[in-house]
Amino acid sequence: MSSKRPKKKLDGLNYEAFRRQIKERRVDPLYLFLGEEVYLQERALDSLCETVDAAGRMFNVGVFTIGADSGSGTRTTAAQAIDSANQLPMMSARRVVVIREFDKIKEEEHELVLGYLKRPSPTTTVLFQAVSADQRRKITTALMKLCTVVAFDSLKDDEARRWAEGYVKLRERRIEPRALDRLIALAGTRLSRLVNELEKLTAYAGGEVITEAAVLELVPRSREHTNWELWDAIIRRDGKRAMRLIKRLLDDGDTGAPLMVLGALAGLYRRMLAGKEMLDGGASFDEFARAIGQWREGATNWKTRLSRTPRAEIVHGLHRIAQVDNAIKNAEATPRLQMEYLVAELILPRTARSSLE
C-alpha cells in the first residue's frame, strides 16, 4: 500500500475512481468525502475499511462524530479523533479513523487538526466525511487542499437509470426499459430508496422480468418525496425540473389538487423556517431532526439545503404561498395557473423578483 497521494483535480475523484484506487491498494493518508449521495459514501467507506486486516478490524477502525455523546457523558472532540489517528495499528498494517460533523470542530482545536493534516501518520488513513462543507471556514479550506477529495453528487435521472439497471443485472435479473423509466419517475434518484424498491421488485418478480405493471403496483409515488424534490428544484433554481414536478403533482390529483399541493408546500416551508432557526440557534442534530420531523439521511439532506438557504428566502416563500392561497380561494385566475406562477416566481433570485413584488 502506498501513502503517496496522486495529483488530483480540484473537483476530486468520483466514486468509481475511488473504488479503482482502493482496488489497486493505493490508499491515501487523508480523504475528504463530500456530497449528498449518502448511499455511495457508505459503500466507499466500507471499501476503505476492508483495506484493514480482517482479524484486527475491530481494533483499527474508529468512527468519531464531533459533538456527539462519546458514551461517557462527554462530547466527542477532535482531540480524541487525532489521538486515535496517532496510535499504532494492532494486528494490522494500518488503521482507519473516520471523522464526521467536522464543521463542529471547535476553534481552539483547529491548530491541532491542521498540524495533523500537515504531518499525517504513515500507518493511518483519516477520512473526513460530510454531506457538505462551508468553504469559507479555514478548516474546510485546509481539508480540501490537503486531503484527497471524493465527490458524491446526487445522480441525474440517466445516471440513476444506468445504476439501477446494473444493480438488477448483478442479481441476474432483468427489468423492462419502460419499467426502469417508471421506477425513476416514481422513486427519484436517491440510491437508498432505489435499493429498497428494487429489492421489493426482484422478490416479487422471482425469476421473471420486472415489468412496468409491477413497478406501478409496488412503487407508490410519495407526495412527500415529490414535494421534497420540488423544494430542491426551487432552491437550486432549476426551472425546468421545478415546472415538471409541479405539473406532476397537479396531474396526480383531482380538482382540489392545487390547494392540497399548496398546503403541503406551506407545511414544508414552515418546517424549513423552524429548521433554519434551530440551525442558527446552534441546536444539536437530534433537536434539529425532531423540529423538522426527519431522521438520519433525511435530516442530513435538510441540513445541507437549509445551510445554503437565506432565512429571507424562506419567509418570502411563506408570504407568497399565503397570497396564492387567498387568490385561489377567491377565484383569481385558475388554481393551476396560480400554482405554476408561484413556482416560477420562487425560482427567481430576489433581485429578479423585485420588479414582480
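**Exercise 1. A salt bridge in a helix**

Which side chains meet in a salt bridge with 3.3 Å from N to O, E340 and which other residue? Work out as well how the two residues are placed along their helix.

*Solution.* The model is a predicted one, and in it the side chain of E340 meets that of R336, at 3.3 Å from N to O. As a next step, find both residues in helix α17, which covers residues 335–347; because they are four residues apart there, about one helical turn separates them. This agrees with a general rule: an α-helix has 3.6 residues a turn, so residues three or four places apart point the same way. Finally, consider accessibility: E340, at 24%, counts as partly exposed, and R336, with 30%, is partly exposed too.

**Exercise 2. Salt bridges elsewhere**

Find how many salt bridges the structure holds, and describe the one between E24 and R26 and the one between K104 and E101.

*Solution.* The structure holds 16 salt bridges. In one of them the side chains of E24 and R26 meet with 2.8 Å between N and O; E24 is partly exposed at 47% relative accessibility, and R26 is partly exposed at 32%. In another, the closest N and O atoms of K104 and E101 are 4.0 Å apart, and K104 has a relative accessible area of 32%, so K104 counts as partly exposed.

**Exercise 3. Classifying an aromatic pair**

Determine how the rings of F18 and F33 are arranged, and which parts of the chain this pair ties together.

*Solution.* A search of the whole structure finds eight aromatic pairs. For F18 and F33 the ring centres are 5.3 Å apart and the planes stand at 90°, so the pair is edge-to-face, since planes over 60 degrees apart fall into that class. Next, place the residues: F18 belongs to helix α1 (residues 15–23) and F33 to strand β1 (residues 30–34), so the pair ties together parts that are 15 residues apart in sequence. Because its relative accessibility is 0%, F18 counts as buried, and the value of 0% for F33 likewise makes that residue buried.

A further pair, F102 with F128, is also edge-to-face, with 6.1 Å from centre to centre and 85° between the planes. Here F102 lies in the loop between β3 (95–100) and α5 (110–118), while F128 lies in strand β4 (residues 124–130), so that distant parts of the chain, 26 residues apart, are linked. Both F102 and F128 are buried. To complete the picture, F18 and F33 are members of one aromatic cluster together with Y15, Y31 and F152.

**Exercise 4. Charges over rings**

Name the charged residue that sits over the ring of Y39, and the one that lies over the face of Y167.

*Solution.* Over the ring of Y39 sits the charged end of R43, at 4.5 Å from the ring centre. Over the face of Y167 lies R171, at 3.5 Å from the centre of that ring.

**Exercise 5. Cysteines and a surface patch**

State how many disulfides a search of the whole structure finds, and decide whether C49, C147 and M91 are buried or exposed.

*Solution.* The search finds zero disulfides. C49 has a relative accessibility of 14% and therefore counts as buried, and C147, at 0%, is buried as well. M91, by contrast, counts as exposed because its relative accessibility is 53%. This residue is placed in the loop between α4 (78–85) and β3, and with M58, F59 and M90 it makes a nonpolar surface patch of about 480 Å².

Terms used:
Residues are numbered from 1 along each chain as its sequence is written. This is a predicted model: local features need pLDDT of at least 70, side-chain atom pairs count only at pLDDT 80 or more; totals for chains, interfaces and linings use all residues. Side-chain values use heavy atoms; hydrogens and water are left out. Rings of Phe, Tyr and Trp (its six-membered ring) pair if their centres lie within 6.5 Å; planes under 30 degrees apart count as stacked, over 60 as edge-to-face and the rest as tilted. Buried means under 20% relative accessible area, exposed over 50%, partly exposed in between (1.4 Å probe, protein chains only). A charge sits over a ring if NZ of Lys or CZ of Arg is within 6 Å of the ring centre and within 35 degrees of the ring normal. Patches are made of residues with over 30% relative accessible area and no salt bridge: like charges are joined within 9 Å, nonpolar side chains (Val, Leu, Ile, Met, Phe, Trp, Tyr) within 5 Å. Accessible areas come from the Shrake-Rupley method with a 1.4 Å probe; for residues, only the protein chains shown count as cover. A disulfide is a pair of cysteine sulfur atoms within 2.5 Å.
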